[in-house]
Amino acid sequence: MKYVALVYYQESLIEAMTEQEWHDLNQQCIAGVERLTADGKYITGQPLQPVTTATTVRVRNGETLITDGPFAETKEQLAGFYLLEATDLDDAIRLASRIPPARLGSIEVRPARELPPKD
């Protein structure tokens with residue numbers, strides 16, 4: 001079963017890191033993806049640019065509304081995602097607990113759902 005692991009942390013913690021600390025965290029993430037891939041658990045994933053680059057799009061009554069920034073102000077910001085192959089929720093939680101930024105923030109784990117086939 002596919003699970004999405006959404007990575008959240010306070011961007012202020014990242015901004016306070018030294019260049020070496022940021023580099024080390026990125027290297028830990030790369031090594032983690034390599035382990036997940038070797039175990040057949042990693043499907044895809046991607047880090048995101050900072051929340052300051054976000055744009056929110058809404059369509060209301062046929063009109064497209066665009067707002068700079070994320071949908072909601074939160075303590076932690078969405079930093080990226082992993083799409084994992086896990087046997088069940090317990091397995092997905094175990095995998096998510098090994099994602100390095102979990103030490104800085106949180107990992108939201110959700111089962112992915114498939115859309116029904118087109119009629």
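Colleague: Leaving aside its neighbours within four places in sequence, which residues is glutamate 85 in contact with?

Modeller: This is a predicted model, in which local features need pLDDT of at least 70 and side-chain atom pairs count only at pLDDT 80 or more, while totals for chains, interfaces and linings use all residues. Residues are numbered from 1 along each chain as its sequence is written, and side-chain values use heavy atoms, with hydrogens and water left out. With contact taken as heavy atoms within 4.5 Å, the partners of glutamate 85 are Met1, Lys2, Gly40, Lys41, Ile43, Asp91 and Leu95.

Colleague: How far apart are the C-alpha atoms of glutamate 85 and glycine 40?

Modeller: Glycine 40 is among the contacts of glutamate 85. Along the chain the two are 45 residues apart, but the separation of their C-alpha atoms is 7.4 Å.

Colleague: What is the relative accessible area of glutamate 85?

Modeller: Glutamate 85 belongs to strand β5 (strands are DSSP runs of E, at least two residues; helices are runs of H or I, at least four; both are numbered from the N terminus). Buried means under 20% relative accessible area, exposed over 50% and partly exposed in between, with a 1.4 Å probe and protein chains only. Glutamate 85 counts as partly exposed because its value is 29%.

Colleague: Which strands are at the edges of the sheet?

Modeller: The open sheet has four strands in the order β2-β5-β1-β6, with antiparallel pairing (at least two DSSP bridges between two strands). An edge strand pairs on one side only. That description fits β2 (42-47) and β6 (106-111).

Colleague: In β5, which residue is the bridge partner of valine 4?

Modeller: Strand β1 (residues 2-9) and strand β5 (residues 77-85) run antiparallel and are joined by eight bridges. For valine 4, the partner in β5 is leucine 83.

Colleague: Which element supplies the largest share of the largest nonpolar core?

Modeller: A nonpolar core is a set of buried Ala, Val, Leu, Ile, Met, Phe, Trp, Tyr and Cys residues joined through side-chain atoms within 4.5 Å. The largest one has 17 residues, and those with the most contacts inside it include Tyr82 and Leu84. At least two residues come from each of β1, α2, β5 and α3. The largest share, four residues, comes from β1.

Colleague: Which strands does helix α3 lie across?

Modeller: Helix α2 (residues 19-38) lies across β1, β2 and β5. Helix α3 (residues 89-96) lies across β1, β5 and β6.

Key:
Axes fitted to C-alpha atoms, helices over the stretch in contact; angles between N-to-C directions.
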